[in-house]
Amino acid sequence: MIDVVGFRYCRLGTANLEETVKFATDMIGLEEVGRENGFVYMRGDDRDHNICYFEGDPTDHTLGLELAGFDELAAAESALSAAGLVVHRGTDAEAAARRCMGYANFKDPSGNSIDLTVRPFAAGRRYFPGRDAGIDEFSHIGLCVTDPREAEKFWSEIFNFRTSDWIGWSALMTFDAVHHRFALFPSDRPGIQHINFQVSETDDVMRSNYFLRDHQVRIQAGPGRHSLSGARFLYFYGPDEMIYEYSCGVRMVDDTWRARQFPVNDASFCAWGSKPDLSVLEGTDAAE
């Protein structure tokens, strides 16, 4: 089994790099920490970066996960190759562009591009926000998968992810104590469906709700409270129709936690009554 020990970054193509960076700074509240060779690195915590934007295809997404060391990376390459997947060991230059000492890339059975990184860089100074959104950390993503049952099986049998809860066929999965690091959504294409940043408290969620509405940012769902994880949330659209989320108060789980099955309905998504578009849970390209 491949043991993931950390959640590191997203690499996202964007149709307009400067517009996206400005939105990430001024609206989301991220800090720009560097530019190299057309890549812009941004963060909301003490990691070197959480998102790397580059001008390119807005559907070109890569998720970076962390392994404990180079021996674990070599073992992961062997395990993935044995499962019939093509694995690319990155060059030193490619690793430098990912701000880590080494990595390997593969595509999961749905076609999602995944980097397995070793010794990713930490920041030498504290995070300084583009605006005071109350962000504490980059915490989880929604991942589009072409077969949610097979995707859940892949991440739980080859990797150390375990399911915390289901909503319909969509599994919410984790490798640590946080209720979920992945939310798997059925789709006809791969890609990152949404990006979550944890904030300190409910007041931060509500402040951002009014701030974003005042700046004509399109709200996707919320404010609300997730029935599965207990987190208070707000979803909103950024450039390229990428969805970003603030949340706080996510549930912690341990080995004694037993996954629960929820139906696909408004009450399963939000205990407060927010009414999102739930068609993403039924296998379409609509947003969560």
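In the predicted model, strands β14 and β15 (residues 232–237) run antiparallel and are joined by 4 bridges. Within this pairing, Arg225 stands opposite Arg232 of β15. The two strands form a hairpin with 6 residues between them, and Gly230, located in the turn, has a positive phi of about 80°. Strand β14 spans residues 219–225 and is mostly covered, with 5 of its 7 residues buried.

Arg232 also enters the description of Glu245, a residue of strand β16 (residues 243–248). Glu245 is buried but has no salt bridge, and Arg232, the nearest side chain of opposite charge, is 11 Å away. The side chain of Glu245 is instead joined to that of His226 by a polar contact of 3.5 Å. Beyond its neighbours within four places in sequence, Glu245 is in contact with several residues, including His140, His194, Asn196 and Phe197. Phe233, Leu234, Tyr235 and Phe236 are also among the contacts of Glu245.

A second set of paired strands involves β3 (residues 39–43), in which 4 of the 5 residues are buried, so that the strand is mostly covered. Strand β2 (residues 31–36) pairs with β3 in the antiparallel sense over 5 bridges, and Glu31 has Arg43 of β3 as its bridge partner. The hairpin of β2 and β3 has 2 residues between the strands, and Asn37 takes a positive phi near 50° there. Strand β3 is further joined by 4 bridges to β4 (residues 51–55), again in an antiparallel arrangement. In this second pairing of β3, Met42 stands opposite Ile51 of β4.

Terms used. Residues are numbered from 1 along each chain as its sequence is written. This is a predicted model: local features need pLDDT of at least 70, side-chain atom pairs count only at pLDDT 80 or more; totals for chains, interfaces and linings use all residues. Side-chain values use heavy atoms; hydrogens and water are left out. Buried means under 20% relative accessible area, exposed over 50%, partly exposed in between (1.4 Å probe, protein chains only). Two strands pair if DSSP finds at least two bridges between them. Lys and Arg count as positive and Asp and Glu as negative; His and the chain ends are not counted. A salt bridge is a side-chain nitrogen of Lys or Arg within 4 Å of a carboxyl oxygen of Asp or Glu. A polar contact is a pair of N or O atoms within 3.5 Å; within protein, one must be able to donate a hydrogen and the other to accept it, and residues adjacent in sequence count only if both atoms are side-chain atoms. Contact means heavy atoms within 4.5 Å.
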